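Subject: Structure handover

Hi,

Here is the structure for your queue. My notes follow below it.

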Protein chains: 2
Amino acid sequence: MSTSVLRALKILELLSGSDKPLPLTRIAEQLDIPKSTAHAILRALASREFLEVTEHASYSIGLRAFEVGAAHLRSNNAVDIVIPQLAGLTKELGITSHYAVLDGTDAVYLCKQDPPGLGIKLASSVGARLPAVVTAVGKAALAWLPGNELAAHLPSGGEVGRDVGIMAELAQVRERGYSLDDGETASGVRCIAAPVFSPSGGPGAIGVSYMLGSTLDADAVAAHVMNSASRLTQLLGTLTRKATA
Amino acid sequence: MSTSVLRALKILELLSGSDKPLPLTRIAEQLDIPKSTAHAILRALASREFLEVTEHASYSIGLRAFEVGAAHLRSNNAVDIVIPQLAGLTKELGITSHYAVLDGTDAVYLCKQDPPGLGIKLASSVGARLPAVVTAVGKAALAWLPGNELAAHLPSGGEVGRDVGIMAELAQVRERGYSLDDGETASGVRCIAAPVFSPSGGPGAIGVSYMLGSTLDADAVAAHVMNSASRLTQLLGTLTRKATA
DNA sequence: CTACTGTTTCTCTCATATCGAACAGTGTTC
DNA sequence: GAACACTGTTCGATATGAGAGAAACAGTAG
């Protein structure tokens with residue numbers, strides 16, 4: 001059913017995961033699509049500017065795809081509330097903050113706020129997808145999930161062996177109120193996150209990142225993050241109460 | 001050729017332009033697609049999370065579409081250079097700055113920087129598409145286009161009558177080095193923009209926005225913007241020189 | 001309860017997208 | 001400089017997916 005549409009989407013996903021533009025042949029072999037079929041789909045995608053054709057007939061994600069994707073943030077009414085909160089966190093602490101939601105076993109970063117000081121910004125993490133269990137925001141979102149939903153968001157799918165360590169860590173996160181990531185994702189950078197409960201959207205979390213060896217006190221930072229997260233949950237609650245009223 | 005793929009893309013475009021989620025019937029009639037076919041395509045899009053299904057079986061842009069769209073910024077190496085420059089502008093002037101590129105007759109906003117002070121952020125303009133001739137960034141990008149390319153980026157497509165006023169304004173923009181928008185797009189807000197020339201990417205511009213009636217002097221602001229824009233052009237030049245070397 | 005709007009699922013027919021193979025550019029290698 | 005390997009493109013025959021209508025189903029309003 002609807003194979004060509006699914007193939008077009010797979011092409012978009014493949015190209016979004018690749019940091020370099022890919023030529024037709026590479027795309028066709030990666031996805032097991034005959035070259036001629038891939039060619040037709042690529043032409044359709046490029047004609048609508050969902051793909052861009054680079055100098056050497058390679059394809060990368062186009063402007064229209066960006067435009068369409070940006071509409072997701074607009075439709076997600078939560079983000080409008082989240083951004084000011086992140087800005088507040090970043091201003092108070094002087095470090096980068098971000099907001100992510102859970103999608104299957106991954107955490108997807110929706111938005112972030114950088115401190116004004118930094119000369120060179122890191123590669124923008126917005127739109128990044130990482131396994132939830134290796135990120136602070138992911139663990140924060142996982143920790144407060146009801147037990148019956150949790151399995152669906154763990155990579156092992158409920159296997160006992162691998163999950164034991166994770167379950168223990170999530171229990172610890174629940175106990176102290178925030179999650180920690182000491183260089184698991186990017187070595188040398190610590191992330192601290194706390195959960196955000198949105199009645200309408202899925203489970204999510206906000207977090208901050210800073211270099212290990214900074215003078216910042218982890219407990220103090222965590223207090224700020226937890227404070228912001230709980231206020232955010234509160235705001236999101238009133239938001240939906242208005243929408244449903 | 002490839003109708004179902006094109007239809008899927010049109011559905012995405014339609015939903016990205018709508019601020020509310022749309023039900024199947026509305027989508028089908030808007031795009032002249034038989035309901036049963038639309039249903040199949042929507043299922044395919046939703047199964048890959050390019051669309052989200054809301055409470056009342058309505059569809060809106062999904063998380064995966066956002067993720068894919070964000071990849072466009074990552075592939076656009078210009079943005080990494082632009083963001084710090086915008087941050088500098090916003091810090092110096094204390095007002096919102098943004099970067100947009102020309103796409104056909106429209107200007108599409110790629111990124112922006114908000115000043116830290118503002119309590120409530122305006123609806124994020126990132127991903128917005130506006131007619132180039134009614135925006136400061138659009139006019140700045142248009143003004144320095146070679147004559148033979150300009151027609152393709154004007155809505156009237158080269159008709160003399162309507163273009164006369166625009167051509168005069170673009171000449172004025174070229175003369176003083178920056179473009180101005182006094183409430184044309186949003187009443188009460190002035191935008192000032194200057195062109196950015198990227199050897200690899202298309203024509204673009206950076207600009208700033210602030211409320212009319214502010215104490216800021218337009219000439220002083222324009223000087224900052226033009227300064228940033230020319231430095232940006234310089235940086236982008238060295239960037240591609242490295243890439244091709 | 002009934003009428004109505006909208007969604008979902010069938011079915012069947014016919015158009016059409018898919019596929020493999022052959023063609024045509026481009027740069028590389030010996 | 002010629003043959004080669006690598007691309008992207010084109011072109012028909014076939015199978016697959018799209019089109020159209022009807023009908024079952026759910027929710028809402030009269």
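In this predicted model, a phosphate oxygen of DNA strand C is 3.3 Å from an N or O atom in the side chain of B:His39. That is a polar contact, meaning a pair of N or O atoms within 3.5 Å; within protein, one must be able to donate a hydrogen and the other to accept it, and residues adjacent in sequence count only if both atoms are side-chain atoms. Chain A reaches phosphate oxygens of DNA strand C too. The side chain of A:Arg7 places an N or O atom 2.7 Å from one. For the side chain of A:Ser4 the distance is 3.5 Å.

The elements that give two or more residues to the surface near DNA strand C come from both chains. Chain A offers helix H1 (3-17) and helix H3 (35-47). Chain B offers helix H2 (24-31) and helix H3 (35-47). Helices (H or I, at least four residues) and strands (E, at least two) are DSSP runs, numbered from the N terminus.

Conventions, briefly. Residues are numbered from 1 along each chain as its sequence is written, chains are lettered from A and ligands numbered from 1 in the order in which they are written, and side-chain values use heavy atoms, with hydrogens and water left out. As the model is predicted, local features need pLDDT of at least 70 and side-chain atom pairs count only at pLDDT 80 or more, while totals for chains, interfaces and linings use all residues.

More on DNA strand C. It is surrounded by 16 residues (near means one heavy atom within 4 Å). The closest are A:Ser4, A:Arg7, B:Pro23, B:Thr25 and B:Lys35. By class, this surface has five nonpolar, seven polar and four charged residues. Ala, Val, Leu, Ile, Met, Phe, Trp, Tyr, Cys and Pro count as nonpolar, Asp, Glu, Lys and Arg as charged, and the others, Gly among them, as polar. Of the strand C atoms within 4 Å of the protein, 74% belong to sugar or phosphate and the rest to bases.

Now DNA strand D. There are 14 residues around it, and A:Leu24, A:Thr25, A:His39, B:Arg7 and B:Thr37 come nearest. Sugar or phosphate accounts for 73% of the strand D atoms within 4 Å of the protein. A polar backbone atom of A:Leu24 is 2.8 Å from a phosphate oxygen of strand D. For a polar backbone atom of A:Ala57, that distance is 3.4 Å. A base is also reached: a polar side-chain atom of A:Lys35 lies 3.0 Å from a base oxygen. H3(A) gives the most to the surface near strand D, with three residues. That surface has four nonpolar, eight polar and two charged residues.

Next, the protein interface. In chain A, 50 residues are in contact (heavy atoms within 4.5 Å) with 50 residues of chain B. The area buried between the two chains is about 4600 Å². Buried area is the accessible area (1.4 Å probe) that two parts lose on being put together, summed over both. Carbon and sulfur atoms give 66% of it.

Five salt bridges run between chain A and chain B (a side-chain nitrogen of Lys or Arg within 4 Å of a carboxyl oxygen of Asp or Glu). One pairs A:Glu13 with B:Arg64 at 4.0 Å, N to O. The interface also has seven residue pairs in polar contact, both at pLDDT 80 or more. H4(A) supplies the largest share of the side of chain A that touches chain B, 13 residues. By class, that side has 27 nonpolar, 12 polar and 11 charged residues.

The structure holds 20 salt bridges over all chains. In one of them, A:Arg48 meets B:Glu13, with the closest N and O atoms 3.2 Å apart. A:Arg48 lies in the loop between H3 and strand E2 (51-53) of chain A and B:Glu13 in helix H1 of chain B, so the pair joins two chains.

Best wishes
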